[in-house]
Amino acid sequence: MAMARAGTKALGALLAVALGAAGLAGCSSTGGKRAEDRAKRLAANGSAVNTPHWTFAMVTHSGAGDTFWDIVQSGAKQAAAKDNIKFVYSSSDQGDQQAQLVQAAIDSHVDGLVVTLAKPDALKAVVAKAVSAGIPVITINSGAAQSRQFGALTHIGQDETIAGNAVGEELNTRGKKHALCVLHEQGNVGLEQRCAGAKEKFTGQMDNLYVNGTNMPDVLSAIQAKLQSDPGIDSVVTLGAPFADTAAKAKQQAGSKAEIDTFDLNAQVAASLKNGTIGFAVDQQPYLQGYEAIDLLWLYRYNNDTLGGGQPVLTGPQIVTKDDADALLSYAKRGTR
């Protein structure tokens with residue numbers, strides 16, 4: 001009976017939050033501000049539920065300085081505040097080190113685990129350990145093809161081949177003939193899928209350029225050298241928001257007329273869309289990836305709920321251009337897009 005009353009209270013609190021959000025949705029001029037204020041109150045005063053204070057860990061393949069993962073964490077932290085969750089984040093762009101971080105989360109007996117599978121072979125065994133230990137696992141961002149096989153509840157993110165296809169089609173629409181796809185991390189299956197997907201749909205020529213994404217001066221010089229050696233390149237596609245600005249600088253130094261396009265979004269990319277430095281961006285909504293992963297783990301622990309029916313829950317792709325820049329800028333500056 002006590003459990004039933006606790007469940008009723010939790011659901012009642014969630015319903016109140018949902019109804020409050022629905023009431024705000026009709027007033028676009030103030031709804032966003034009110035929602036932010038409500039999130040701050042939750043963070044300051046406690047969660048919207050009275051379920052146990054579980055601990056969820058997120059372990060990603062992020063390298064240092066990648067602003068994309070700041071946005072993922074922003075979503076995860078807001079969901080954690082709402083759901084009475086202690087959120088613990090760690091990352092490494094080295095597959096073996098990421099696996100060690102997952103093992104550390106298992107050893108600390110977390111109640112749920114979110115993990116990326118950019119380098120799935122390195123993570124397969126340790127994810128299996130988590131599942132065997134009874135820890136529910138959700139994968140995000142990378143590794144949709146391996147997620148179910150590894151025992152995860154679901155995958156949340158963007159199908160990278162579909163996203164690549166969208167880029168190829170957008171390049172066609174823009175009349176591009178020779179594109180350069182810049183891969184900033186060797187062995188990342190998601191990046192390979194992006195370029196391959198773009199090449200599949202692009203009717204022109206597309207070349208791959210591998211760079212060391214942890215060294216921006218090297219990225220700049222590599223792109224600059226390629227543009228100088230091949231003036232026929234009319235589009236440079238970067239696979240992460242931080243690299244778009246570097247590509248734009250390389251273009252300027254090379255005296256190239258190539259359009260700079262990119263996967264992923266941050267405040268700098270939104271500003272560059274507005275001023276024309278970047279032609280278009282592919283937004284996979286990283287805030288949603290973080291938020292939904294934590295929320296779905298809570299729903300699974302609380303009510304044995306899952307989403308996707310065995311298929312990935314897609315958060316993208318969404319092609320955004322100069323026409324979208326003003327709206328995106330306000331969201332990007334607060335860290336949610």
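Buried means under 20% relative accessible area, exposed means over 50%, and partly exposed lies in between (1.4 Å probe, protein chains only). With that in hand, here are some exercises on the structure above.

This is a predicted model, in which local features need pLDDT of at least 70 and side-chain atom pairs count only at pLDDT 80 or more, while totals for chains, interfaces and linings use all residues. Residues are numbered from 1 along each chain as its sequence is written, and side-chain values use heavy atoms, with hydrogens and water left out.

**Exercise 1. The overall picture**

Task: find what percentage of the residues count as buried, and how many helices and strands there are.

Solution: Start with burial: 49% of the 337 residues of the protein count as buried. Next, go through the secondary structure, where helices (H or I, at least four residues) and strands (E, at least two) are DSSP runs numbered from the N terminus. The protein has 13 helices and twelve strands. Finally, look at contacts, meaning heavy atoms within 4.5 Å. Among those between residues at least 6 apart in sequence, 73% join residues at least 24 apart.

**Exercise 2. The six-stranded sheet**

Task: work out the strand order of the open sheet of six strands, and name its edge strands.

Solution: Two strands pair if DSSP finds at least two bridges between them. Following the pairs gives the order β7-β6-β8-β9-β10-β12, with mixed pairing. The ends of that order are β7 (205-210) and β12 (318-320), edge strands that each pair on one side only. Neighbouring strands of the sheet are turned by 20° against each other on average, direction ignored. Axes here are lines fitted to C-alpha atoms, for helices over the stretch in contact, and angles run from 0 to 180 degrees between N-to-C directions.

Now add the helix that packs on the sheet: α8 (residues 189-201) touches β6, β7 and β9 (259-263), and its direction makes about 165° with that of β7. To finish, zoom in on one pair: β6 (residues 178-183) and β8 (residues 235-238) run parallel and are joined by four bridges. Leu180 has Val236 in β8 as its bridge partner.

**Exercise 3. The second largest pocket**

Task: describe the lining of the second largest pocket and say which element gives the largest share.

Solution: On a 1 Å grid over the protein atoms alone, a pocket is an open set of points where a 1.4 Å probe fits, with protein on both sides within 12 Å along at least five of seven lines; lining residues have an atom within 4 Å of a point. The lining has 32 residues, and Gly63, Asp66, His184, Glu185 and Phe243 lie nearest the pocket's centre. Two or more lining residues come from each of α3 (67-83), α8 and α10 (241-254). The largest share, three residues, belongs to α8.

**Exercise 4. Three helix residues**

Task: which residues do Ala270, Val126 and Gln73 touch, apart from those up to four places away in sequence?

Solution: Take Ala270 in helix α11 (residues 267-275). Ala270 counts as buried because its relative accessibility is 0%. Its contacts are Leu265, Ala325, Leu328, Leu329 and Ala332. The C-alpha atoms of Ala270 and Lys322 are 8.2 Å apart, with their positions 52 residues apart along the chain.

Move on to Val126 in helix α5 (residues 120-132). Val126 is buried because its relative accessible area is 6%. Val126 touches Ala99, Val102, Gln103 and Ile106.

Lastly, Gln73 sits in helix α3. At 14% relative accessible area, Gln73 is buried too, and Gln73 touches Phe87 and Tyr89.
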